[in-house]
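Biologist: Before we discuss the open and closed spaces of this protein, please show me the sequence and the structure.

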Amino acid sequence: MDETTAGHDDLLLRVIDLKKYYPIERGLLKKTVGYVKAVDGVSFFIRRGETLGLVGESGCGKTTTGRCIVRAIERTSGDILFNDESAGWVNIPELSNEEMKRLRSRIQMIFQDPYSSLNPRMTIVQIVGEPLIYAGMKGRAVEERVAYLLEMVGLQPQYMRRYPHAFSGGQRQRIGIARALALNPRLVVADEPVSALDVSVQAQVLNLLQDLRDALGLTYLFIAHDLSVVQHISDRVAVMYVGRIVELAETDELFLNPKHPYTEALMSAVPWPNPRLKMKHIFLEGEVADPANPPPGCYFHPRCRYAQKLCATEEPRLEDVGGGHYVSCHFARELALRGAMANLSTG
């Protein structure tokens with residue numbers, strides 16, 4: 001155990017200064033003229049058994065972060081440390097293909113679109129059973145395990161020989177969840193697992209994920225753009241903006257006491273199911289920063305109504321301002337920002 005993992009046995013995952021850059025190529029010779037900084041120095045940890053919500057606007061890098069963790073794509077730099085029960089702390093990007101094959105059973109992913117993530121030419125028993133066969137299970141044992149998994153996610157095992165087109169969107173996502181749980185993972189990266197579903201079905205799937213977490217001792221990285229969904233399921237929430245985490249805190253603390261202006265603006269857009277309540281929206285000026293050509297200093301400063309000269313020249317660090325509340329803002333300790341409940345009025 002090295003200094004990056006010493007004293008962190010309660011943690012399951014540590015991401016340290018993760019970066020993923022995509023080269024911009026021009027001309028016949030494909031010369032690299034720059035980089036799109038999809039993920040630009042992200043660091044966080046997840047404790048065993050907790051759910052960390054990762055939120056932000058489309059294109060902020062949250063899905064790329066999740067895919068780097070499961071090594072669906074290779075990171076540019078940084079460490080992704082996983083506390084494996086048998087091998088101890090391992091650095092996922094440095095594992096060989098054979099070592100990563102063994103670790104696949106411990107880390108799984110639930111994908112966003114339940115329509116495109118299931119092979120339409122495979123039956124449900126083939127889809128859910130594929131990782132089991134990959135792990136060496138054969139014959140009747142595969143069908144018995146698939147039947148158990150389908151029951152666990154609320155589906156009837158007798159339908160396992162049907163194809164995905166015979167199921168609704170919510171049922172397909174349940175099939176995707178069953179596939180992710182086939183090998184008893186410890187960490188599940190859920191990439192916007194309810195965003196493609198109807199609102200009524202979203203609640204059912206969220207409740208299912210919570211029940212499975214409690215029953216199986218799972219740990220989630222829950223990626224979403226809907227703050228109300230994240231509030232429902234997460235223990236802590238990390239807010240991303242243009243490839244960086246700008247705020248991270250316990251869920252209640254973040255919603256009641258945001259410290260970053262971008263988080264405050266997101267909170268003002270959270271819908272509340274009460275027609276008597278009027279929202280005090282905060283409208284951000286300008287466009288989201290270009291990850292291929294971000295502004296100097298704080299990436300958010302061109303849109304920030306609290307920005308000062310320092311913000312345009314000096315990059316803020318992600319620092320703990322008290323009680324495990326991390327913020328990347330020069331004036332986090334001075335600003336009095338409005339939380340989600342403060343954005344409501346009855347007038």
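**Pockets, cavities and a hairpin**

Modeller: By class, 8 nonpolar, 3 polar and 5 charged residues make up the lining of the second largest pocket. Please bear in mind that this is a predicted model.

Biologist: What volume does the second largest pocket have, and which residues lie closest to its centre?

Modeller: The second largest pocket holds about 300 Å³ of space. Its lining comprises 16 residues, and Gly41, Arg244, Glu315, Pro316 and Ser328 are the closest to the centre. Strand E2 (31–47) and strand E10 (244–250) each contribute at least two residues to this lining.

Biologist: What makes Gly41 polar in such a count, and Arg244 charged?

Modeller: The classes are fixed by residue type: Gly is placed among the polar residues and Arg among the charged ones, therefore Gly41 counts as polar and Arg244 as charged.

Biologist: What is the volume of the largest pocket, and what lines it?

Modeller: The largest pocket has a volume of about 400 Å³. It is lined by 15 residues, with Arg104, Ile107, Gln108, Met109 and Phe111 nearest its centre. Two or more lining residues come from each of strand E6 (107–110), helix H3 (124–134) and helix H5 (169–180). By class, this lining has 9 nonpolar, 2 polar and 4 charged residues.

Biologist: Why is a space called a cavity rather than a pocket?

Modeller: A 1.4 Å probe fits in a cavity but cannot get out, whereas a pocket is an open set of points. With a threshold of 30 Å³ or more, the count comes to 2 cavities. The largest cavity contains about 80 Å³ of space, and the second largest has a volume of about 40 Å³; both values meet the threshold of 30 Å³ or more.

Biologist: How many charged residues line the largest cavity?

Modeller: There are no charged residues in that lining, which has 10 nonpolar and 2 polar residues. Among the residues that line the largest cavity are His260, Cys298, Cys304, Cys311, Cys329 and His330. Cys counts as nonpolar and His falls among the polar residues, so the cysteines add to the nonpolar class and His260 and His330 to the polar class.

Biologist: Which residues line the second largest cavity?

Modeller: They include Glu57, Ser58, Gly59, Tyr241 and Tyr262. By class, the lining has 6 nonpolar, 2 polar and 1 charged residues.

Biologist: How do you know that strands E4 and E5 pair?

Modeller: Pairing requires at least two bridges, and E4 (residues 77–84) and E5 (residues 88–91) have 4 in the antiparallel sense, so the two strands pair. Asparagine 83 has tryptophan 89 of E5 as its bridge partner. A hairpin of 3 residues joins E4 to E5.

Notes. Residues are numbered from 1 along each chain as its sequence is written. This is a predicted model: local features need pLDDT of at least 70, side-chain atom pairs count only at pLDDT 80 or more; totals for chains, interfaces and linings use all residues. Side-chain values use heavy atoms; hydrogens and water are left out. On a 1 Å grid over the protein atoms alone, a cavity is a set of points where a 1.4 Å probe fits but cannot get out, and a pocket is an open set with protein on both sides within 12 Å along at least five of seven lines; lining residues have an atom within 4 Å of a point. Grid points are joined across faces, edges and corners, and a volume is the space filled by probe spheres set on the points.
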